[in-house]
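Please open the structure in a viewer and keep the selection tool at hand. The tour below proceeds stop by stop, naming what to select and what is found there.

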Amino acid sequence: MSKGFLISRRQALGMGLGSVAALALGACGGSQESAEETAVTTGGTDTVVGSLAIHITGLDYGPGVDKVILTLDNPVDAVSADTFVVEETKDTTDFADDTYPIIEVTAPRTVTDAYLVDAEGNKTADPSTNVAIEMNIDPAEGSPFIFTMPYMYNMWCEPYDLTVSIAEGQTLTSGGTEVIAFDVDPTPTAKESNADVWVEHEGTFSDIDYKYATFTPETESKNLFVWLHGVGEGFSDPEYAGNDTLVPLLGNRVTRLAEATFQQATGGMNVLVPMSPTKWMDNGSHEPDADWTPHASMYLESLAELIDSYVQEIGAEHVIISGCSNGGYMTLNLALEHGDRYDGFIPISEGIDTEKITDEEWGQLAGYNMFFVYCEDDASTIDCNKTTIAALREHGASDNLHESVSDFVYDTSGAFDAMAADGDPHYKYNGHWAWCYFFNGEANDADGLNAFDWIKQVVEA
C-alpha cells in the first residue's frame, strides 16, 4: 500500500505552503473570505485567534522547524520580525542525568523574519489572515525530534508546541484596531518539509511489516539507490510518535538523494529508503545492545525481499546499496548474503564483527564494487572500517575498492561557524557522522573520485 505523507493521527504533509495555510485555517472553523468579511463589517477587531502549521528542513545534523504559518480568524494589517516572540515547548532527553529521563522543556526561539502571506503562501503587502514567521535553526535550536536513551531512537517530540505572542512594546492591528487579545493554538495542525516529494509505502515481506519511502526522478531511470538508515531512525511501532518514514528521511540528510546535486551527478536514480521495525542489528532479541555479528540480523531476508520487490516494480536494472552506521553493517550483510544481486555498495561508518567473516567470504566481498566512507575521529567504528578495508585488499580487492577518509567531520556550509569550539575553523560534528560528507557530495577517494561520480560509473559500466 502506498500513500503520500498524509498522517491522519498527527500530521498533514506532502502539500505546499498554501495548502498548509488552508488546512490550518480550516481548523479555525472558517474560510479566509468569511474572516475578511467579518473584519470589514466590524471595521476592525481587538481579538484575533487562530492556528498554526510548521515547516521542517532536514540538515546534516537532523531536522529543524524553520517556519511557522499562522492562520487567523481576522486579517492583520502588517507584521515584522519584531512583532512576535515564539516559545517552543517539547519533550527532550535529559543527558545530564545518567538515567536519561524524558523531560518537558520550554525555550525561546529566535525569530529572523515575519511577513504576511496570501492563501497560497506568497508574500503580500495587503492585510491577511495568514502570517509567516521564520526562525533560526541550528544543532542546538529547533529540532522536533527527541533522541531517546537507552534505546537510541529518534522520535517525534510529543508534545511539540510553539506559543506565538505579540512582543512586549510591539503593536499589532486588525482593520486599524489594536489587537489586545491574541490567541493562537500552539499545537501544529499541519506540517510540511523538504521530504514532501517522497512517497511513503507499507508492505509485508517474509512476514515482517515494513514502512518505506521512495523517490522517483522526473526522467525515467532503470537505476536504484537503496539507503539504509542508522540506529536512531528505526522503530516503527504505531503506538509511538516516531512511526513514519520522515524519521529516516530527516534524521540524516537523506532528502539530498532527491535533489539535483545527487540526481545530476549519478545520471538519475530511483531511491528506496526502508525503515527497520527496530534496528538493523537486531538479532531477534529486541535488546538495545547491538549485535555486530555477520548474518545475525533478523531482517536480512525480509529486507532483501523488499528490495527485490521494488526492483521488479520499477524494472530496475542496476542497484547500489548504501547505509550509515547500523545501515553500514546491513549494507555489508547484504553483500555477504546477496552480493551478486547488486552492482555496488557504499558502507558509511560501518560496524561489523570482522573476526567472524571467513576467508571465503572475504574473497567474495573483495570481488564487489565498494566505496567506503569514514572518519579517523570516529570512536565507534574506525577500527571496523580499517580492518574491513585491509582484509578486502589482502584478499584481492584493488581498483574496485575505494575509500573516502576524513580527519574530522565539520559543517562545511559555514552556517554554524559561530558555534565552533576554540581552535576549530568550523562547527565540528561527531566523528561518526561521515555520512554528512557523502550527502553533501564531498566524499572523495585519494585520487579525487567523488562517490556520486563513482555511482554513475558503476551503473553505466
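Begin by selecting Glu88, Lys90, Arg109 and Glu141, which salt bridges link into a network. The model is a predicted one, and a search of the whole of it finds 11 salt bridges. Side chains of opposite charge can pair when their charged atoms come close.

**Further salt bridges**

Select Arg253 and Asp60 next. Their side chains meet in a salt bridge, with 3.3 Å from N to O. Arg253 lies in the loop between helix H3 (246-251) and H4, and Asp60 in the loop between strand S4 (47-59) and strand S5 (62-76), so this pair ties together parts that are 193 residues apart in sequence. Arg253 and Asp60 are both buried.

Move on to Glu220 and Lys222, whose side chains form a salt bridge at 3.6 Å, N to O. Is Glu220 buried or exposed? Glu220 counts as exposed because its relative accessibility is 67%, while Lys222 is partly exposed, with a relative accessible area of 33%.

Then select Glu403 and Arg393, where the side chains meet in a salt bridge of 3.5 Å, N to O. Glu403 belongs to strand S24 (residues 401-406) and Arg393 to helix H8 (residues 382-394), so the pair ties together parts that are 10 residues apart in sequence. Glu403 is partly exposed, at a relative accessible area of 22%; Arg393 is also partly exposed, at 39%.

**Strand S4 and its partners**

Select strand S4 as a whole. Of its 13 residues, 11 are buried, so S4 is largely enclosed by the rest of the structure. Which strands should be added to the selection?

- Add S5, which pairs with S4 in the antiparallel sense over 10 bridges. S4 and S5 form a hairpin with 2 residues between them.
- Add strand S15 (residues 181-184), which runs parallel to S4 and is joined to S4 by 4 bridges.
- Add strand S16 (residues 190-193), likewise parallel to S4 and joined to S4 by 4 bridges.

Now highlight Gly50. This residue stands opposite Leu72 in S5 and opposite Val184 in S15. Highlight His55 as well: His55 stands opposite Glu192 in S16.

**Aromatic rings**

The next stops concern ring pairs, of which the count comes to 25. Select Phe145 and Trp156: they form an edge-to-face aromatic pair, 4.9 Å centre to centre, with 90° between the planes. Phe145 is in strand S10 (residues 145-148) and Trp156 in strand S11 (residues 153-156), so that the pair links distant parts of the chain, 11 residues apart. Both Phe145 and Trp156 are buried.

Select Phe225 and Phe262 for another edge-to-face pair, with 5.3 Å centre to centre and 70° between the planes. Phe225 lies in strand S19 (residues 223-228) and Phe262 in helix H4 (residues 260-266), so the pair ties together parts that are 37 residues apart in sequence. Phe225 and Phe262 are both buried.

For a group of rings, select Tyr61, Phe416, Tyr427, Tyr429, Trp433 and Trp435, which form one aromatic cluster.

**Charges over rings**

Return to Trp156 and add Lys191. The charged end of Lys191 sits over the ring of Trp156, 3.5 Å from the ring's centre. Finish with Lys428 and Phe408: Lys428 lies over the face of Phe408, at 4.1 Å from the ring centre.

Terms used
Residues numbered from 1 in each chain as written. Predicted model: local features only at pLDDT ≥ 70, side-chain atom pairs only at ≥ 80, totals over all residues. Heavy atoms only, no water. Phe/Tyr/Trp six-rings, centres within 6.5 Å; stacked < 30°, edge-to-face > 60°. Buried < 20%, exposed > 50% of the residue type's maximum accessible area, 1.4 Å probe, protein only. Lys NZ or Arg CZ within 6 Å of the ring centre and 35° of its normal. Salt bridge = Lys/Arg side-chain N within 4 Å of Asp/Glu carboxyl O. Pairing = 2+ DSSP bridges.
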